[in-house]
Amino acid sequence: MSGVAGQTRIRVRYAETDQMGVVYHGNYFAWFEVGRVELLRQVGWSYKALEADGISLPVIEATCRYQQPARYDDELEIRTAGRMASGVRVEFSYELVRLADLRVLATARTLHVPVTRDGRPCRLPVALREIFA
């Protein structure tokens with residue numbers, strides 16, 4: 001994937017697991033959001049700045065392939081890459097890696113369309129489009 005990539009580390013909290021100590025599947029998407037937000041920060045942008053400019057990035061499609069379970073207290077790395085999928089669509093891909101054994105636990109993808117405050121599709125700022133090109 002061309003564009004830009006970054007990494008973010010997290011540790012699985014007890015509250016994110018079920019009775020067996022396995023992470024609930026829905027929590028993965030919260031972690032992917034962490035990776036996406038941190039990627040923007042790493043390239044000098046933020047969701048807060050985009051929203052101040054009147055732009056939101058709603059998810060219009062999301063997929064995840066779960067390969068191995070994450071468990072309580074695992075240290076994980078969220079590897080996030082972003083690219084322009086079209087003139088108005090931004091695609092992020094994710095790998096969730098357990099650092100103890102470097103196993104890929106999950107891979108995912110989200111697709112976003114920037115919208116204005118009134119919900120109309122728009123383009124990202126030129127500088128951000130260039131970063132994701």
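This report walks through a predicted model of a single chain, from its overall build to one buried valine.

## The chain as a whole

Let's start with the big picture. The chain has three helices and five strands, and from the N terminus they come in the order β-α-α-β-β-β-β-α. Its C-alpha atoms fill a box of roughly 45 × 30 × 20 Å along the principal axes. The radius of gyration is 15 Å, which agrees with the value near 14 Å for a compact globule of 133 residues.

Of those 133 residues, 41% count as buried. Among contacts with a separation of 6 or more, 68% come from residues 24 or more positions apart. On the charge side, there are 18 positive and 16 negative side chains, and the centres of the two sets sit 4 Å apart.

## Strand 5 and its partners

Strand 5 (residues 103-112) runs antiparallel to strand 2 (residues 59-66), joined to it by seven bridges. Here Glu-61 stands opposite Leu-111.

Strand 4 (residues 90-98) is also antiparallel to strand 5, with nine bridges between the two. Val-90 faces His-112 across this pairing. Strands 4 and 5 make a hairpin with four residues in between, and Leu-102 in the turn has a positive phi of about 60 degrees.

## A closer look at Val-113

Val-113 is in the loop between strand 5 and helix 3 (126-132). Is Val-113 buried or exposed? It counts as buried, because its relative accessibility is 11%, below the 20% cut-off.

Its contacts beyond four places in sequence include Ser-56, Leu-57, Pro-58, Ile-60, Val-88, Arg-89 and Pro-121. The C-alpha atoms of Val-113 and Val-59 are 7.1 Å apart, although 54 residues separate them along the chain.

Terms used:
Residues are numbered from 1 along each chain as its sequence is written. This is a predicted model: local features need pLDDT of at least 70, side-chain atom pairs count only at pLDDT 80 or more; totals for chains, interfaces and linings use all residues. Side-chain values use heavy atoms; hydrogens and water are left out. Two strands pair if DSSP finds at least two bridges between them. Buried means under 20% relative accessible area, exposed over 50%, partly exposed in between (1.4 Å probe, protein chains only). Contact means heavy atoms within 4.5 Å. The radius of gyration is taken over C-alpha atoms; the globule rule is 2.2 Å times the number of residues to the power 0.38. Lys and Arg count as positive and Asp and Glu as negative; His and the chain ends are not counted. The place of a charge is taken as NZ of Lys, CZ of Arg, CG of Asp or CD of Glu.
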